[in-house]
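Student: I have a model open and would like to learn how to read its features one by one. Could you walk me through it?

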Amino acid sequence: LMGSLEVVGFFSAANLLTRRWTEISNKRFIKDLFVYALVLRLVWVVFSYMMYTQMTGKPFEFSTGDANGYHLSAVWLSHGSLANAWTTLVAMSGGGVSDAGYAFYLTIFYKIFGNEVIVPRLFKAVLSAYTVVLIYKLAQRNFGEDVGRIAGVFAMLMPNLIYYNGLHLKEVEMVFMSVLFLERADSLMRSNTFNVGKLVLVIGLAAALFTFRTVLGVTALFSVLTALILSTKRVSRAANRGFFILWVVLAIAYFAGGRISSEIDEVWESRKENQSTSYEWKSTRKDGNAFARYASSSYLAPAIFVIPLPTMVNVETQQNQMLLHGGYYVKNVLAFFVFFALFYIIRHKKLREHLLILSFTFGYLMVIAFSAFAHSERFHQPVLPLLLILAAYGVENMTPR
């Protein structure tokens with residue numbers, strides 16, 4: 001039932017709204033996009049809260065793991081000072097900052113509003129709805145108004161982007177910060193004048209990404225540096241290019257030092273062992289897939305735009321995956337248009353015009369493909385908005401039929 005609603009709802013509404021909203025004014029489009037996206041997400045937050053409470057006895061997903069851990073940590077830390085909370089979280093992370101950011105963010109919420117889980121989820125809906133607007137702006141600036149509107153509608157309706165609003169995981173906030181980082185960096189690159197406020201925001205967002213997922217912060221900074229150095233002058237204005245490059249290099253030098261550098265080294269050095277161990281475990285666990293042991297980066301890397309594939313059969317321990325299998329299906333279909341967009345960009349020699357989006361997409365996906373999380377939908381979330389933008393560009397450049 002859920003899968004059918006996700007698939008039919010997405011393609012029917014996308015077909016209708018990308019046509020109906022073609023002629024309305026830019027201001028009206030942005031307003032409608034935000035309102036529709038917000039309503040969809042608020043409805044899901046309330047419905048999923050009641051559904052999980054009814055079916056599991058608590059407002060958390062089936063077989064909850066990380067989400068409940070974040071919640072319990074924040075509840076405990078909210079009774080002390082914020083300074084002590086941050087110090088404790090860093091200590092719990094072994095001296096690093098990766099994964100400390102979200103628990104600290106929840107602690108602030110609980111300190112202000114109490115421990116009720118519905119409050120941060122309602123705020124997630126607002127962040128996610130604004131993320132949809134940011135996706136439109138990023139797509140519009142790179143590929144034009146028509147592609148921007150298609151991408152905005154896709155993002156508004158995408159089941160995968162709606163689903164996480166009803167969970168206590170960090171994906172909504174992480175996607176929001178990633179898209180805001182790319183949108184502001186893109187705006188700064190294309191601007192004729194240098195804006196210190198935008199630069200401070202871009203560097204601040206990069207720093208925040210390191211506290212959510214280390215490799216995401218690294219990918220963000222290196223994608224900006226790649227775009228600044230290799231983009232055409234028409235994209236990266238000479239007026240601010242050198243100064244922006246200098247600040248990004250300084251930021252990379254700072255973040256590459258100390259504990260964060262060690263975290264990056266650990267992730268890279270253990271990639272093959274972790275991937276092998278993870279898929280071996282998935283093949284031998286109860287209700288696992290016996291063929292999972294054969295998965296490796298040589299198979300996962302070429303398929304990284306498409307996976308994970310939807311779970312279309314009943315597996316008692318995979319209720320969460322089954323709730324989202326319609327979203328997987330939608331993503332699989334849109335992957336065709338992503339491939340077409342990449343083909344079109346290469347064929348028409350437009351790579352240097354869209355390096356920020358492309359370098360972030362390929363950089364992050366390659367890291368995931370060589371990790372133990374290649375088949376985890378959660379870890380694909382940060383690049384999903386960019387895949388939707390590319391899919392919209394592919395749709396725009398297909399024949400009218």
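Student: Let me start with one residue: is Gly65 buried, partly exposed or exposed?

Tutor: Happy to help, and please keep in mind that this is a predicted model. Relative accessibility gives the class: under 20% is buried, over 50% is exposed, and partly exposed lies in between. Gly65 has 41% relative accessibility, so this glycine counts as partly exposed. You will find Gly65 in the loop between helix 2 and helix 3. Its C-alpha atom is 9.7 Å from that of Leu169, although 104 residues separate the two along the chain.

Student: How many helices and strands does the protein chain have, and how much of the chain is buried?

Tutor: The chain has 20 helices and 0 strands. Of its 401 residues, 53% count as buried. Among contacts with a separation of 6 or more, 75% join residues 24 or more positions apart. The accessible surface is about 18100 Å², and carbon and sulfur atoms make up 64% of that area.

Student: Which residues touch the most other members of the largest nonpolar core?

Tutor: First the general idea: in soluble globular proteins, nonpolar side chains tend to be buried together. Here the largest nonpolar core holds 117 residues, and Phe154 and Ile389 touch the most other members. Beyond its neighbours within four places in sequence, Ile389 contacts Ile135, Leu138, Ala139, Phe143, Val147, Ala151 and Ile357.

Student: Which nonpolar residues form a patch on the surface?

Tutor: Look at Val35, Tyr36, Val39 and Val43, which together have about 350 Å² of accessible area. An α-helix has 3.6 residues a turn, so residues three or four places apart point the same way. Val39 sits in helix 2, residues 26-56. With a relative accessible area of 46%, Val39 is partly exposed.

Student: How do I compare a helix with its expected length, say helix 9?

Tutor: Take 1.5 Å a residue and compare the result with the distance between the end C-alpha atoms. The 20 residues of helix 9 should span 28 Å, and the ends are 28 Å apart, which agrees. Helix 9 is also largely enclosed by the rest of the structure, because 19 of its 20 residues are buried.

Student: What covers the buried residues of helix 5?

Tutor: The cover includes helix 3, helix 4, helix 6 and helix 9. Helix 5 runs over residues 100-113 and reaches 20 Å, close to the 20 Å expected for its 14 residues. Its buried residues include Tyr102, Leu106, Phe109 and Tyr110. Just after helix 5, Gly114 takes a positive phi of about 90 degrees.

Student: Which residue other than glycine has a positive phi, with a value near 55 degrees?

Tutor: As background, most residues other than glycine have a negative phi. Lys349 has a positive phi, near 55 degrees. Lys349 lies in the loop between helix 17 and helix 18. With a relative accessible area of 74%, Lys349 is exposed.

Student: One last case: why does Ser223 count as buried?

Tutor: Ser223 has 2% relative accessibility, so it counts as buried, the cut-off being under 20%. Ser223 belongs to helix 11, residues 214-230. Leaving out residues up to four places away in sequence, Ser223 touches Leu182, Leu356, Ser359 and Phe360.

Methods
Residues are numbered from 1 along each chain as its sequence is written. This is a predicted model: local features need pLDDT of at least 70, side-chain atom pairs count only at pLDDT 80 or more; totals for chains, interfaces and linings use all residues. Side-chain values use heavy atoms; hydrogens and water are left out. A nonpolar core is a set of buried Ala, Val, Leu, Ile, Met, Phe, Trp, Tyr and Cys residues joined through side-chain atoms within 4.5 Å. Buried means under 20% relative accessible area, exposed over 50%, partly exposed in between (1.4 Å probe, protein chains only). Contact means heavy atoms within 4.5 Å. Helices (H or I, at least four residues) and strands (E, at least two) are DSSP runs, numbered from the N terminus. Patches are made of residues with over 30% relative accessible area and no salt bridge: like charges are joined within 9 Å, nonpolar side chains (Val, Leu, Ile, Met, Phe, Trp, Tyr) within 5 Å. Accessible areas come from the Shrake-Rupley method with a 1.4 Å probe; for residues, only the protein chains shown count as cover. A salt bridge is a side-chain nitrogen of Lys or Arg within 4 Å of a carboxyl oxygen of Asp or Glu. The expected span of a helix is 1.5 Å times one less than its number of residues.
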